[in-house]
Each structure stands twice: as structure tokens, then as C-alpha cells.
Amino acid sequence: MVNNALHVQRAFLKMAMTHQEPAKTEMADLLRPLSGQIQEIQNFREKKRGSSLFNHLSAVSESIPALGWVAVCQKPGPYVKEMNDAAIFYTNRVLKDYKDTDPRHAEWVRSYLNIWTELQTYIKEHHTTGLIWSRTGPVAPPSLFSAPSDGTCAPPPPPPPPCPPPVFMDNSPKSEDTSAQHSALFAQLNQGEAITKGLKHVSDKQKTHKNPNLRSGGRTHQASPAKSQNPGSSACASAKKHSPVLELEGKKWRVEHQQRSQDLVIEETELRQVVYVFSCSNSTLQIKGKVNSIIVDNCKKLGLVFDSVVGIVEIINSRDIQLQVMGKVPTISINKTEGCHVYLSKDSLDCEIVSAKSSEMNVLVPEGEDDYREFPIPEQFKTVWDGSSLVTEPAKIAG
């Protein structure tokens with residue numbers, strides 16, 4: 001997809017070299033193939049949130065809008081640099097995760113970032129103040145890949161992307177969206193550290209990574225045979241129903257489609273493992289030991305208790321989440337989430353909490369032995385011009 005987008009950009013630049021700039025109303029039509037390629041890449045990343053290569057995909061998705069520099073006036077070079085910086089945020093994670101295990105990832109980072117470095121150099125040499133159009137050629141055609149009315153040849157459409165052997169293998173199954181059932185919000189986390197007393201251990205006989213016979217197509221089927229084999233079930237209902245999963249795949253713990261499960265425990269953890277929690281509702285999960293990162297995606301009414309995380313805990317597209325840190329975590333990210341209560345431990349008070357497009361967020365800080373003090377995270381902000389730059393601060397609303 002990236003290769004295809006670069007070919008579209010090249011076709012656009014070749015046309016600009018031989019055609020005069022069109023009217024603004026026609027420019028949008030000319031840019032549509034390019035914007036379509038960018039959107040396709042970003043959509044692909046959103047569908048792969050459970051991928052072990054999600055940081056790679058995010059680096060590409062966050063930086064690919066740099067190809068829109070052709071529509072930026074005056075300073076397209078700095079615009080590309082901003083997109084490159086957005087990629088670096090994620091490529092730094094890639095380097096951290098693979099620096100001691102697989103040098104191919106570091107080579108991929110270097111190679112990919114070099115695309116935007118070279119593009120900045122090209123812009124600086126030829127289009128410093130914006131895209132330069134021809135002064136003598138015909139007016140650009142209304143469509144990038146259609147023949148102009150004057151009979152001149154339009155740039156050919158981009159060729160299909162090549163199919164080299166994949167450098168990184170990602171066998172993560174595609175996650176499908178489901179509708180979580182509604183029920184009363186649990187209150188177990190209000191017990192503080194006492195919550196762990198009510199958790200039950202999952203025996204070795206119930207763990208799919210120790211019992212391959214429990215697996216079927218990579219998923220743990222815990223539904224009763226009567227329900228799964230009911231001849232009266234409609235095809236639509238069976239398509240929406242997913243079997244619950246709690247298993248270890250390589251370095252990824254998958255916890256998916258758990259409903260009303262209050263005794264989920266992951267205890268045999270390692271530093272390089274990640275935990276991906278998807279489409280769970282009305283459940284409680286405890287993660288013992290230290291893991292690399294935790295992602296909670298599309299969950300409702302979920303309680304999460306974990307010891308320590310060396311990377312980041314991400315809450316995405318979720319609702320009514322309560323998480324408790326027993327040890328340390330450097331960063332907690334909350335995105336597109338309604339209702340999130342974060343219980344910090346004394347060792348995690350220096351944690352950075354980053355939020356976007358979220359509401360009803362509260363941080364609870366330990367006070368005394370068994371008490372917490374609650375602080376809301378601002379949802380509204382006020383921005384003013386101070387004469388030289390924009391200044392943003394949380395809005396203080398009376399009442």
C-alpha cells in the first residue's frame with residue numbers, strides 16, 4: 001500500500017512538471033487518488049490493533065500523511081518533518097522491543113524513516129515554498145489518471161505493488177467486533193488491594209498453552225456442546241457468537257470474548273510478553289509478574305489488576321474500565337474511552353497518563369493504608385493566543 005501511494009505521488013509530480021496549476025475546485029479531484037491511498041493505509045492499521053507489529057503499522061499510518069505536502073503552501077518541508085517525528089514515536093518502541101533479538105527491525109526502521117528524510121531533501125531543493133507547477137504547459141486535467149482534453153498523455157496509473165517475501169511474520173488472527181452484553185457495573189476494585197483475595201486460579205488443565213487438545217482453530221471453546229451444536233440456532237447468531245479465549249501465542253497473551261468471568265488470572269509471565277485484551281465485558285482479569293505492555297481494546301465493564309509493566313498500558317475504544325496498578329507502570333494511554341478509573345500504587349505515582357477523545361476519567365491516588373483520593377482528568381481545555389503562540393490549559397467551569 002505504501003509503495004502504491006508513492007507511485008501515485010510520483011505520477012502527480014510528473015503531471016505538475018508539464019501542466020499548469022488547476023483551479024482550487026479541481027485540485028480536490030486531482031488529490032483524491034492520493035488521499036484514497038493514505039486512507040487505505042490508515043484503515044489497515046486500525047483493523048490490526050491486535051497485531052504484534054502494531055507499532056510498525058502505527059509508524060507508517062502516522063507518517064504517511066506526509067505525502068499530502070503537495071497541497072501545503074509555503075512550508076511543505078517542515079510539514080513532512082512533523083509527520084516523520086510522529087513516526088519516530090513508534091519506531092523508538094520498535095527499536096526498544098527488538099534491539100537485542102532481531103536486527104531486521106532496526107534495519108526496517110532506518111530504511112523507512114529514510115523515505116521521509118529523502119523527501120525533505122527533495123522538497124528543499126525543488127519545492128521549498130510549495131509545489132512548483134509548469135508555467136507553459138496546458139492546464140492540469142480534472143483527473144490524475146484520465147486523458148486530458150488537449151490530447152496530451154496523462155501519467156499512467158501506479159503499477160500493482162510487488163510481492164517480496166515478508167520480512168516479519170505475524171500470525172495473529174483477525175479480531176472481529178462483537179456487541180458486549182449490558183449488565184450492572186462491578187465494584188470489586190473499590191476494595192483496593194483486597195481484590196486479589198477473591199480471585200481464583202486457572203488450573204493447568206484449563207490452560208490452552210499447556211493442553212493443545214483444548215484448542216480448536218487457535219481458540220479455546222468453553223461454551224457447552226448443547227449451545228454450540230443447537231440445530232435451531234440461526235446462521236446470523238452463530239456468526240456473531242465467539243468462543244472465549246485465554247491463551248499464550250508466542251509472546252502474546254490473548255484474552256478475548258470473555259463474558260461475566262470474574263476469575264481470570266495470568267500468572268506465568270515474562271518480561272517480553274504482551275497482553276492483548278479484546279471484546280471482554282463484565283469480567284475481571286489479574287496479570288501477575290512483569291510484562292512488556294498491555295492493550296485493552298473494545299471492552300466494557302472490565303476490571304484489570306496487574307503488577308508491573310515496563311512499556312505502556314493502552315485503553316482503546318472501551319467503556320467503564322477500572323484498572324489497578326500493584327507495582328509500577330511508566331505510561332497509561334486512554335483513547336476513545338468513556339469511563340476509566342485508574343488506581344495507582346505508591347510506586348507508580350510518577351506514571352504519565354495520556355488521554356484523547358475520552359470522558360469520565362479519574363485517577364485514584366493512595367492515601368493512608370487502605371484509602372484512595374480521587375482526582376478527575378480534565379476533559380475540556382481553553383486555548384488563547386498570547387501574542388506569539390497558542391497557550392492551552394484545562395478549562396475551569398464553575399458549578
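Hi everyone, let's start with the inventory: this chain has seven helices and 18 strands. Please keep in mind throughout that we are looking at a predicted model. The chain runs to 399 residues, and 41% of them count as buried. Its accessible surface comes to about 22200 Å², with 53% of that belonging to carbon and sulfur atoms. For those of you who like contact maps, take the contacts between residues at least 6 apart in sequence: 42% of these join residues at least 24 apart.

Now to the strands. As a quick reminder, strands of a sheet pair through backbone hydrogen bonds, in either a parallel or an antiparallel way.

Let me take one sheet from its β3 end. This is an open sheet of seven strands, and the order is β3-β4-β6-β8-β10-β12-β14, with mixed pairing. Its edge strands are β3, residues 245-249, and β14, residues 352-356, each of which pairs on one side only. From one strand to the next, the twist averages 10°. At the β3 edge, five bridges join β3 to β4, residues 252-256, and these two strands run antiparallel. If you want a residue pair to click on, Leu248 has Trp253 in β4 as its bridge partner.

There is another open sheet, also worth a walk. Seven strands form it, in the order β5-β7-β9-β11-β13-β15-β16, and again the pairing is mixed. Here the edges are β5, residues 264-266, and β16, each pairing on one side only. The twist in this sheet averages 15° from one strand to the next.

Let's step through part of that order. Strand β9, residues 300-309, pairs with β11, residues 319-325, in the parallel sense over six bridges. Within that pairing, Phe306 stands opposite Val325 of β11. Further along, β13, residues 338-343, and β15, residues 359-367, are also a parallel pair, with five bridges. Then the direction changes: β15 and β16, residues 371-376, run antiparallel and are joined by six bridges.

Which residues does Val363 of β15 face? On the β13 side, Val342 stands opposite Val363, and on the β16 side, Val363 stands opposite Phe375. That makes Val363 a handy place to center your view. The hairpin of β15 and β16 has three residues between the strands, and Gly368 there takes a positive phi near 85°.

On to the helices. Two packed helices are described by the angle between their axes and the distance between the axes. For α3, residues 54-63, and α5, residues 103-126, the axes come within 12 Å and cross at roughly 0°. So α3 is roughly parallel to α5. Which residues meet there? From α3 we have His56, Ala59, Val60 and Ser63, and they meet His105, Trp108, Tyr112 and Trp116 of α5.

Last topic: the cysteines. How many disulfides does the structure hold? Zero. Why does Cys299 have no bond to Cys280? The sulfur of Cys280 is the closest cysteine sulfur to that of Cys299, but it sits 4.7 Å away, which is too far for a bond. For a disulfide, the two sulfur atoms would have to be within 2.5 Å. Are Cys299 and Cys351 buried or exposed? Cys299 is buried, with a relative accessible area of 1%, and Cys351 is buried as well, at 12%.

That's my tour. Thanks for listening, and I'm happy to go back to any part of it.

Key
Residues are numbered from 1 along each chain as its sequence is written. This is a predicted model: local features need pLDDT of at least 70, side-chain atom pairs count only at pLDDT 80 or more; totals for chains, interfaces and linings use all residues. Side-chain values use heavy atoms; hydrogens and water are left out. Two strands pair if DSSP finds at least two bridges between them. Helices (H or I, at least four residues) and strands (E, at least two) are DSSP runs, numbered from the N terminus. Axes are lines fitted to C-alpha atoms, for helices over the stretch in contact, and angles run from 0 to 180 degrees between N-to-C directions. Buried means under 20% relative accessible area, exposed over 50%, partly exposed in between (1.4 Å probe, protein chains only). Contact means heavy atoms within 4.5 Å. Accessible areas come from the Shrake-Rupley method with a 1.4 Å probe; for residues, only the protein chains shown count as cover. Angles under 35 degrees count as roughly parallel, over 145 as roughly antiparallel, 65 to 115 as roughly perpendicular and the rest as oblique.
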